[in-house]
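Subject: The structure for you to look through

Hi,

Here is the structure I promised to pass on. Have it open while you read, and follow along at your own pace.

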Amino acid sequence: MQTRVKSYDSLEEGREPILRNSAQPNRPLLPLRLLQFLLLLLGLGISFSFLSFYISPYLKLQTESPVSLSKFQPCFRDSGSIMSWIRPPLNLRHEMNDAELFWRATLVPTIPRYPFKRTPKIAFMFLTRGPLPLAPLWQRFFEGNEGLYSIYVHSSPSYRPNFRTSSVFYNRQIPSQVAEWGMMSMCDAERRLLANALLDVSNEWFVLLSESCIPLQNFSIVYRYIARSRYSFMGSFDDPTGNGRGRYNAGMFPKVNLTNWRKGSQWFEVNRKIAIDIVQDTDYYPSFEQFCRPPCYVDEHYFPTMLSIKSPRELANRSLTWVDWSRGGAHPATFGAGDVSKQFFDKIGKDQTCYYNDQPTNLCFLFARKVSPNALDPLLRYSHRFFGF
Ligand SMILES: *[C@@H]1O[C@H](CO)[C@@H](O)[C@H](O)[C@H]1NC(C)=O
Ligand SMILES: *[C@@H]1O[C@H](CO)[C@@H](O)[C@H](O)[C@H]1NC(C)=O
Ligand SMILES: *[C@@H]1O[C@H](CO)[C@@H](O)[C@H](O)[C@H]1NC(C)=O
């Protein structure tokens, strides 16, 4: 449209000398020259429109995704080719509502072999209220690993992020809604993150993180640990106390009975199949929505319980995210600048034993939460010593 207007403009400008010249009728060659001049302008206008038509997809790519420019062909070239199906959406700000998004995200290919080279990626999904104070540490963690990860951020709808174009978090915000702790809206936000990440067929693993999470290992170790695991890391255990079984509501029977009831941390890592199971669930969702309300915190029970009924053999039943419950109380401890030291992180690594692919190991946690923003400086200064990146 714009180029059209521009070429009209140039004709308009060209008209001025015509009027002036036509005031002198004693020059017979003039109409021919005038015609040539007009044709020249017309020609310029047309070539300009063509040029901008071909250039604009590149310009569009450049503004929306500066990093991936070299990797992707502009849309108009591969429409009709398989690329248009496997290329991740460039604009995360789609206009689908949850019902449309979940439907779209759970379309599954029925031929298991991919007829193209697919490098599986880890989707890092950040569930936050507002800013990501530890973003510089994550930035360093991701550096040099392009093509092996994607990032999605769900924050309060009123929050306006201001990441620089060079940040890995730039333009990675998905359409979000208010999410409240312990309420179904929190599970909805998690499903929304999964569904958006599922739209990229290269995402194979999905990690849920908060704004207070940090990585405890470098990217290669994280990638290998997740990629080679037989199980998805969803915390899921039977807590016989009032904070576990005590939250079960008999209204869920027989869909969910007390033997099925599980508890687990909401910070999970799941593979693509489980991610789809979570997004497509309409079987258990209504029971949990109706019968698990505070003091039943649905984000601690819905996914662990549903998945241990549907696919118990695919779960590691533990989370990859370390958190300090040692100080007691209803909330885990926050650690800040005064806590971070080599010994502190070594302790997280060495003091634990867990199972990885059915073998005992000391490497149990890849992430830690609740890190206070004031820990950022020492973490950045010593990240190489602490975490190897
Ligand atoms: C609970 O449900 C499971 C199936 O999900 C079933 O095997 C088990 O017998 C049930 N237990 C009770 C106490 O009803
Ligand atoms: C996780 O727990 C389920 C029971 O809920 C069990 O069937 C499964 O074997 C456990 N997974 C591992 C890796 O032990
Ligand atoms: C990641 O950390 C491991 C062990 O800490 C180290 O052997 C490896 O070289 C590191 N990888 C990179 C790419 O820095």
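To start you off: how far does a polar side-chain atom of Asn-317 lie from an oxygen atom of ligand 2? The distance is 2.3 Å, and the pair counts as a polar contact (N or O atoms within 3.5 Å; within protein, one must be able to donate a hydrogen and the other to accept it, and residues adjacent in sequence count only if both atoms are side-chain atoms).

Before going on, some housekeeping. This is a predicted model, in which local features need pLDDT of at least 70 and side-chain atom pairs count only at pLDDT 80 or more, while totals for chains, interfaces and linings use all residues. Residues are numbered from 1 along each chain as its sequence is written, chains are lettered from A and ligands numbered from 1 in the order in which they are written, and side-chain values use heavy atoms, with hydrogens and water left out.

**Ligand 2**

Back to Asn-317 and its ligand: an oxygen atom of ligand 2 also lies 3.4 Å from an N or O atom in the side chain of Arg-262. On the backbone side, a polar atom of Leu-315 is 2.9 Å from a nitrogen atom of ligand 2. The protein buries 61% of the 360 Å² that ligand 2 exposes when taken alone (accessible areas come from the Shrake-Rupley method with a 1.4 Å probe; for residues, only the protein chains shown count as cover). The surrounding residues are Tyr-231, Arg-262, Ser-308, Pro-312, Leu-315 and Asn-317, each with a heavy atom within 4 Å of the ligand. By class, that shell has three nonpolar, two polar and one charged residues. Here Ala, Val, Leu, Ile, Met, Phe, Trp, Tyr, Cys and Pro count as nonpolar, Asp, Glu, Lys and Arg as charged, and the others, Gly among them, as polar.

**Ligands 1 and 3**

Around ligand 1 you will find Asn-257, Thr-259 and Asn-260. The side chain of Asn-257 has an N or O atom 2.3 Å from an oxygen atom of ligand 1, and a polar side-chain atom of Asn-260 lies 3.4 Å from an oxygen atom of this ligand. Of the 370 Å² that ligand 1 exposes on its own, the protein buries 33%.

Ligand 3 has Asn-218, Ser-220, Ile-221 and Gly-388 around it. One of its oxygen atoms is 2.3 Å from an N or O atom in the side chain of Asn-218, and a nitrogen atom of ligand 3 is 3.5 Å from an N or O atom in the side chain of Ser-220. The protein covers 32% of the 360 Å² of accessible area that ligand 3 has alone. Its shell divides into one nonpolar, three polar and no charged residues.

**Disulfides**

A disulfide is a covalent bond between the sulfur atoms of two cysteines. Searching the whole structure turns up two of them, taking a pair of cysteine sulfur atoms within 2.5 Å as the criterion. One joins Cys-292 and Cys-296, with the sulfur atoms 1.9 Å apart. Its torsion about the S-S bond is about -80°, so the link between Cys-292 and Cys-296 is left-handed. Both Cys-292 and Cys-296 are buried (under 20% relative accessible area, against over 50% for exposed and partly exposed in between; 1.4 Å probe, protein chains only). In the disulfide of Cys-354 and Cys-364, the sulfur atoms are 2.2 Å apart, and this link is left-handed with -110° about the S-S bond.

Enjoy exploring!
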